[in-house]
Amino acid sequence: MTQNGSLVDELQRLEAQALTAVEEAASADALEEVRITFLGRKEGRISGILRRVGELEPEERPRVGAEANRIKSRLQEALDQRQAALEQASRSDSGELDLTLPGRRGWQGGRHPVTRVVDELVEIFRGLGFTRARGPEAETEWYNFEALNTPLDHPAADEQDTLYLKGGHLLRSHTSPVQVRVMEKHEPPIRVLAPGMVYRRDSYDATHTPGFAQLEGLAVDEGITFVDLKATLAEFARRYWGPGTRVRFRPSFFPFTEPSAEVDVKRVVRRADGTEEETDWLEIMGAGMVDPAVLEAAGIDPERYTGFAFGMGPGRIGLLKYGIPDLRLYLDNDIRFLQQFSDR
Ligand code: PHE
């Protein structure tokens, strides 16, 4: 009786084990271990069987040898393939697919909270007949000051602590220059709203930032009076904050309006227990009748036309609306803050 049959059987069992081990090897190291275990010259399990060939009848030895060689080359092929597959997987970013991972969601942006407030304000004033106007952020002294009845040595020009650019331009310190640009281009009746960024040399703290948004309003026509200004702003306040909102005008001064006023609102808020309460007066804007000198500088006949103008800070209105404690949050671009105002 020979052991030929049983050695071939053993080799074939080893082949099956080795192929399974190759498939299961999850790294190059694991694969190298499989190679050593089965194909290693000294300790390898196939070499171990071949060492026993000497026990066989001489004429039976070639068959076992041939079978061993077939298995070695098959195994080497499987090892090469597996190694290539592992290398490819580690090269691609995703690595091996893990189908149990949650899917990645697409990135969805949202409007900045100040942009949301601007859009809401523009929408309300659109209902009152105002359209949107724009002007440049880099302005000349003429539009930012002089055409607005503010000589360069006037304290108001200084007070705004302007940021000057090379070449005689400056970063506009308010949106009022858009008034002049609109009046130069258009005949009355004019009703425009100009939102935009303005810049001042200012501190950077909870209530001041060197750049912030403003929203300018301008109406020019025959026969416009302070009553139109009061009625327009009172109507705006009721539409924005609710019908119980009260508006107060306090005398003030701006070089480009006469008379001028600071406008305050008192809102009605609902308490947690359902009862209602009036807030304190809150200053929300500057306003007034367009100074005749400004109409004239912009080429509009002050004998025929009058107008009113107002300017407010949508950022401050947003603080109130969303309970935001610090103006700097608008400029930090912290996604955790901004995401709370995403549209969905
Ligand atoms: N431009 C003024 C400011 O920046 C606001 C204002 C606008 C006042 C229009 C009156 C009329 O403070």
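**A seven-stranded sheet and its surroundings**

Strands β7 and β8 (residues 257–266) pair in the antiparallel sense through eight bridges, where strands count as paired if DSSP finds at least two bridges between them. Helices (H or I, at least four residues) and strands (E, at least two) are DSSP runs numbered from the N terminus. The structure is a predicted model, in which local features need pLDDT of at least 70 and side-chain atom pairs count only at pLDDT 80 or more, while totals for chains, interfaces and linings use all residues. Residues are numbered from 1 along each chain as its sequence is written, and side-chain values use heavy atoms, with hydrogens and water left out.

Within the β7–β8 pairing, Pro-251 has Ala-261 of β8 as its bridge partner. Helix α9 (residues 226–241) packs on the sheet and touches β7, β8, β11 (282–290) and β12 (306–312); contact here means heavy atoms within 4.5 Å. The direction of α9 makes about 150° with that of β11, with axes fitted as lines to C-alpha atoms (for helices over the stretch in contact) and angles running from 0 to 180 degrees between N-to-C directions. Strand β8 also holds Pro-259, and the peptide bond leading to Pro-259 from Glu-258 is cis, with omega near -5°.

The whole sheet is open and has seven strands in the order β1-β5-β6-β12-β11-β8-β7, with mixed pairing. Its edges are β1 (131–132) and β7 (246–254), each of which pairs on one side only. At the β1 edge, two bridges join β1 to β5 in a parallel arrangement, and Arg-132 is bridged to Leu-193 of β5. On to the next pair: β5 and β6 (residues 211–221) are antiparallel and share 10 bridges, one of which links Ala-194 to Glu-216 in β6. Strand β5 (residues 190–199) is mostly covered, as eight of its 10 residues are buried; buried means under 20% relative accessible area, exposed over 50%, and partly exposed in between (1.4 Å probe, protein chains only).

A second cis peptide bond joins Pro-188 and Pro-189, with omega about 0°. Pro-189 sits in the loop between α8 (177–185) and β5. Most residues other than glycine have a negative phi, and most peptide bonds are trans. Asn-149, in the loop between α6 (141–144) and α7 (155–159), has a positive phi of about 60° and is partly exposed at 29% relative accessible area. Asn-333 also has a positive phi, near 55°; this residue belongs to the loop between α12 (329–332) and α13 (335–338) and is exposed, at 54%.

Turning to the chain as a whole, the domain assignment, which is automatic or from a database, gives domain 1 (3–94) and domain 2 (113–341). The C-alpha centres of these two domains lie 83 Å apart. Helix α2 (residues 28–39) has 12 residues and spans 16 Å from its first C-alpha to its last, close to the expected 16 Å, a figure obtained as 1.5 Å times one less than the number of residues. Its residues Leu-31, Val-34, Phe-38 and Leu-39 are buried. They cover an arc of only 90° around the axis, so they lie on the same side of α2; the arc is that of the directions from the helix axis to the C-beta atoms. Asp-29 and Glu-33 are exposed on the face of α2 turned away from the buried side.

Finally, Lys-166 lies in the loop between β3 (163–164) and β4 (170–171) and counts as exposed, at 83% relative accessibility. Lys-166 and Ser-6 are 160 residues apart along the chain, and their C-alpha atoms are separated by 95 Å.
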